[in-house]
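Here's a friendly walk through some of the cysteine links in a protein chain. Take a look at the structure first, then read on.

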Amino acid sequence: LRLKCEHLLERSSEFASPRRTTMIVCGTLTVFLMSSVEHSRLHMGGGHAPAEWSYDAGGLRGWSYYIRAFNLLREQPSMEIGWGQWSKPGGHSEDILEVCGLHPGGFVCDPCEACESTGTCSDPVTGDPAPISGGCQDPIREDPTLANCGHPTDYEATESCAFWECGEDSKGGVRGSIEGGMGYWMYTLETPNVKWMLPGATNANYEIFAGTFLGDRPQLCSVLGGAVRVSNRLLVPNDFVTFAGGDPDGFLGYMLTKTPLGKRSANDTANYWTIVIDAANFAGPVMYTAAWFWDSRINWHPKSISWSDPRVNIGYVAQGFEGSIGAFTARQGGSQYWRTTRWSMPRDRFGPSSSPNTSTLFTGHSQFATDWAVDALEPMLSGTGPVGERTHTFVQQRSAESRTRPDCNAPPEGEGGMSVWDDQEDSEVTWSGFGIGSAYDQTKSEAAHCASTLSLDPSNAALSCDQRRCEAAAFLQGGLGNSDPPVVISADAVPPEVKAQFDEAAFQPTKMNEGTFLGPPAETEQACFDKPASDTMYCTFTASKAWIGWRWYRFVDQPELYMVFESLPDDGTRQAARDYMQARIERLHRQQEADSTGGWFSPPQGDAALPAEKVSIDPALLLTPPTGFEYGYVPIAVYQKPRVKPAECDVEVNAVGPRPVPHPDGYWDDCTSPSGIENPNCHRPDGGYDVETCSANAESRAPFNYPGRIYGYWPGGSQDDRVPYDVPTRDKLLTPRPPSTSSPPPPSASPSPQPPSPLPSSTSPPPPSPPPATSPSPLTKPPRPPAPPPLPPTQMVCNDDSSTCPHLDDAECDDGGEGSIYSICPYGSDCTDCGSRVAPPPPLASIPPPLPSPSPPSPPAAQRHWVECGRKNKCSENARWADPSEEHEVRCCSDTRIDGWKKRSSNCPWTESDDGMGGCHHEETLSEAEEVCADAGARLCSKQELKSDCTKGTGCGHDRDLIWTSNAMP
């Protein structure tokens, strides 16, 4: 019997199950075997509810608060968790919507095109087999409510679509949300440190996700517009914002408010929801959401209403703390044990509403019921009105005068604190009692403008505190029914054999994003990025060891404004809008420099009463514009990867300290920890995202034509005759528009363009008509010219005339004479600002050429081509520009199917290295390589196609070689 039991115990691993504890009975001996350790997750929530505010009557024009930035997790994050805010539209009358407030076509999209009765599907763009959905039947016959929903250019036919809420009395309501906050997001670049998500803007409550920045997959250029950069002093990464030092603890002020920063004309009344921040080392506006961003997803009809409509305000504000943390779990002896990711809460400093035994997450809430920012900023942006009202001090004063405290919501008795829980099949197991509870005090909360504050009990055995933070116990027990209740336990209470395996286990990165789609832009995105002011790439690395590359763009040429202007008719309206917007942003930048600040708001309880200092943004992201780009230019990130410096970097900026060491070969392919436990969330996307097609478009017989024709909010003021615009389809976005120079365009002739008649059903705007040759608009001053030399004194001239000089008494001399800044007024007609002039007048100074752009290194040859590694991170040489006479390896690409060639994803062409090419080709010149591909009925692959690994594994050992590309050096 003893030998038999020993034999069974030796084979115990064969009996043990990851999902149950195995019991072996040997005579009178009963042995409970431990299950193997698994990687799992537990949900986590914190703070106290209700932390939300609804505004039915009138709504808000803005709100602000201070959110704490700190490292909640004290070891490798492996699950998504965050704390922050979200805002939704409202504050309008119930009968505001006459047509469906949702875009009908946006809810009937499916990766499988409507199919024939054969039951087979193919993607209409790539020709690849598509996933079978619903048996591949005609979707309209499957679901009759889809009828009339697939007419992307015929709104009258689409009016009959009754799909989902379009057929309800509410018509779906005005949809959208602007979200953001602190946290850890697994689809972003991995880092053990907290990051700040600026906008996570969505439409229709996640049914349609909005595109902003460069992200974790290729986007369409036409979906951008949700993150129009405003600041010329802050680099906004594609992968969110990091903080100084890597282990921050401080408050970031966040404001969401209407501003006039995005106005396209003097009569434009659309909403431009703007994000403004207040940090220790940066304060001011960061970005705004263009009206196009909302309109392109909602305004399928001339009477559509999106969040860009001025009748729509903020109707709902909420904040929360939720998500998941990683855990290891095992079972033994009839109990389940857990070891969570180590987590902690920061301790407050002494203050009116805090102490070291409290931890405040949110504080300093303010709400704005008036268009204070629109009124306060207009003098600065327009360059009109009293000089004292064109400063940031004036903006700060108006902000302080206009804000009010919301009603502070008290949590229900006994609720609040931190808890984790596990969703099981028929129950929920919750752990609390970590020594963390609610510290709500109405008087203190109101003094702090509604603080969400937790209590910390350092005497509790479940908390371990030092001066900065209190770390919670990481070990839990419970979950196997009533006999195994949930309790927080100490490390000593864990069975030794379980504890030993927990100690060996280590949380692993998810490796979901290696920066493939964080730049350079994909083909479908490139059209938006092709007008930098200079090709010079600047680069730096952040506290999270990510390299970022950026270029400077003229404000109106930045990617997020591409569709804003493309959607306006090219009849003078478009150019007038560009001139108007550029002039206003230049005034903003000049005033920020003059005021040495951009701050718009402050904590309502005062800086000293904050429970911690303000947090500092990562210094790597704080910029000084290069010479020539001081005013009216913004930095746009075009590259971001962990630990890998961009090969095209020309100038390093703020790159202080040791360079990040690249990950070893094979790092991104290995998801197993040293203890042999695999993170179930760990995976590396292969770039093979489905191409979206709309099944209801069987009615129009057109692939991927959502959203179709859009009726955006018109900038001219009247919305009775909105000008329709046909959004480009995917195939139209694969060819970038011809590059243009970085020179500012000539001044527009029309300061306030009137809306032209609605376009007919044609997809093309009316032909442009040249603007009349008149003097520049008062709102579009040209760049400042040098003054001409003074004339010999003779007769004096002083003739202030507002009919010929619209900028009298604005503290800037505008008559082109000595000491003048501008030359847009007749000589001697602005003597209040310029003083008396001598006669006869000199000729007006001509508008000079634009400030010179920083020049990239001069190319040694006019037709050099880029050579790129055949597979990412496999080459010992760096990718670079190569002379045409150099000899490199050849791989070819085809946009149409060639038998035997490989197509790795829907975003890749067909590729090959030898089949159909006469064998492998080593050491060929550029012309020889082009000839090889042409003879095969193909072409050279683009740089982006190689960087996206479209050609990897196609043979000849070229994965480790530099390959000729079709990209010629400008």
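## A buried pair: Cys-892 and Cys-933

Cys-892 is buried, with a relative accessibility of 0%. In this predicted model, Cys-892 is joined to Cys-933 by a disulfide, with 2.0 Å from S to S. Its partner Cys-933 is buried too, at 0% relative accessibility.

The torsion about the S-S bond of Cys-892 and Cys-933 is about -85 degrees, so this disulfide is left-handed. Cys-892 sits in strand 40 (residues 892-894) while Cys-933 belongs to helix 14 (residues 926-935), so the link ties together parts 41 residues apart in sequence.

## Next door in sequence: Cys-893 and Cys-941

Strand 40 has another cysteine to look at: Cys-893 forms a disulfide with Cys-941, S to S 1.9 Å. Here the torsion about the S-S bond is about 100 degrees, so the link is right-handed. Cys-941 lies in the loop between strand 42 (939-940) and helix 15 (943-947), so the pair connects parts 48 residues apart in sequence.

Are these two buried or exposed? Cys-893 counts as buried at 0% relative accessibility, and Cys-941 is buried with a relative accessible area of 0%.

## Joining two loops: Cys-408 and Cys-450

The sulfur atoms of Cys-408 and Cys-450 are 2.2 Å apart and form a disulfide. This one is left-handed, with -90 degrees about the S-S bond. Cys-408 is in the loop between strand 20 (403-404) and strand 21 (417-423), and Cys-450 is in the loop between helix 8 (442-447) and strand 24 (452-456), 42 residues apart.

Cys-408 counts as buried at 14% relative accessibility; Cys-450 is buried at 5%.

## The full count

How many disulfides are there? The count comes to ten.

How values were computed: Residues numbered from 1 in each chain as written. Predicted model: local features only at pLDDT ≥ 70, side-chain atom pairs only at ≥ 80, totals over all residues. Heavy atoms only, no water. Disulfide = S-S within 2.5 Å. Helix = DSSP H or I, 4+ residues; strand = E, 2+ residues; numbered from the N terminus. Buried < 20%, exposed > 50% of the residue type's maximum accessible area, 1.4 Å probe, protein only.
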